[in-house]
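Let's take a walk through this protein model, one feature at a time. Keep the picture in view as you read.

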Amino acid sequence: MKRKSGEERREEIVRALLDLTAERGTREISTQAIADRVGIAQPTIFRHFPTRDAIFRAALDSIGRKLLDVLTPMLSGRGPADVRLRKLLSRQLRFISRRKGLPRLIFSERLHLEDPELKAVVRDIIDRYTARLEELLRDGVHQGCFRQDLDTAETARLIVALIQGLVMRWSLSDFEFPLDQQGDVLWRLLEPALRAPQGQPAQASGPHANTSD
């Protein structure tokens, strides 16, 4: 049997942590429980992570990187910004729906009160995502997809808040509704507020002027 690499083992440990968090919340998670879920001895955990909190931080850092990788084609791609935003909402919710432990961790007391470093990791992920989302909205204004008077910074923060609220409701309901099907619901809510009035021309100059295919 091929021995797993350190990277593969760390990925297994992180996945086990998130699975257990979805089932039990953060308070009931021990390194022994993680080791049992992976099928390894507890000391093996500490060959890869110095502490349990380090596993939590690694989990969030890994999810943040993967999420931005998944969303980059919409955030930085070409084509109509409204189409890209609609796809982004659906893809983001589908990504989260496959990681049920994520909202239980993000909305936990551990993150908000007990671990400032963990909170800083989440804030950095949200800040980077919000900045990229604001760029997408600016693309839409330049293309004429979105209203010229749109406050892109405030709108980006609002969209993030809407997604967070939806994910929290999903977690509080014990995942009883299909989160991955809520992208179209969000879009129907956002589109009337974003859509440019008929006849509004696209901006003819500036760094985002030629962003459509």
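## Helix H1, end to end

Start with a quick check on helix H1, residues 6–24, in this predicted model. A rise of 1.5 Å a residue means its 19 residues should span 27 Å, and the end C-alpha atoms are indeed 27 Å apart, so the two agree. Just after H1 comes Gly25, which has a positive phi, near 85°.

Which residues of H1 are buried? They are Arg9, Glu12, Ile13, Val14, Ala16, Leu17, Leu18, Leu20, Thr21 and Ala22. An α-helix has 3.6 residues a turn, so residues three or four places apart point the same way. As for what covers the buried residues of H1, the list includes helix H2 (31–38), helix H3 (42–48), helix H4 (52–76) and helix H6 (101–106).

## Helix H8, the same check

Now try that sum on H8, residues 116–143. With 28 residues at 1.5 Å each, H8 should span 40 Å; its end C-alpha atoms sit 41 Å apart, which agrees. H8 is followed by Gly144, and here the phi is positive too, near 90°.

## A hole inside

Rolling a probe the size of a water molecule over the atoms shows where empty space is left. How many cavities of 30 Å³ or more turn up? The count is one, and the volume of this largest cavity is about 360 Å³.

The cavity is lined by 19 residues, and those closest to its centre are Leu67, Gln92, Ile96, Ile106 and Ile126. The elements giving two or more residues to the lining are H4, helix H5 (81–97), H6, helix H8 (116–143) and helix H9 (152–172).

## Rings and a charge

There is one aromatic pair to look for. The ring centres of Trp170 and Phe175 are 4.6 Å apart with the planes at 65°, and since over 60 degrees counts as edge-to-face, that is what this pair is. Both Trp170 and Phe175 are buried.

Another ring to find is that of Phe95: Arg99 lies over its face, 3.7 Å from the ring centre.

## Ser97 and its contacts

Last stop: Ser97, which is found in helix H5. Is Ser97 buried or exposed? Its relative accessible area is 18%, and the cut-off for buried is under 20%, so Ser97 counts as buried.

What does Ser97 touch, leaving aside its neighbours within four places in sequence? Ser97 is in contact with Trp170, Leu179 and Asp180. You've already met Trp170, as one half of the edge-to-face pair.

Definitions and conventions:
Residues numbered from 1 in each chain as written. Predicted model: local features only at pLDDT ≥ 70, side-chain atom pairs only at ≥ 80, totals over all residues. Heavy atoms only, no water. Helix = DSSP H or I, 4+ residues; strand = E, 2+ residues; numbered from the N terminus. Expected span 1.5 Å × (residues − 1). Buried < 20%, exposed > 50% of the residue type's maximum accessible area, 1.4 Å probe, protein only. Contact = heavy atoms within 4.5 Å. Phe/Tyr/Trp six-rings, centres within 6.5 Å; stacked < 30°, edge-to-face > 60°. Lys NZ or Arg CZ within 6 Å of the ring centre and 35° of its normal. 1 Å grid on protein atoms, 1.4 Å probe; cavity = no way out; pocket = protein on both sides within 12 Å on 5 of 7 lines; lining within 4 Å. Points joined across faces, edges and corners; volume = space filled by probe spheres on them.
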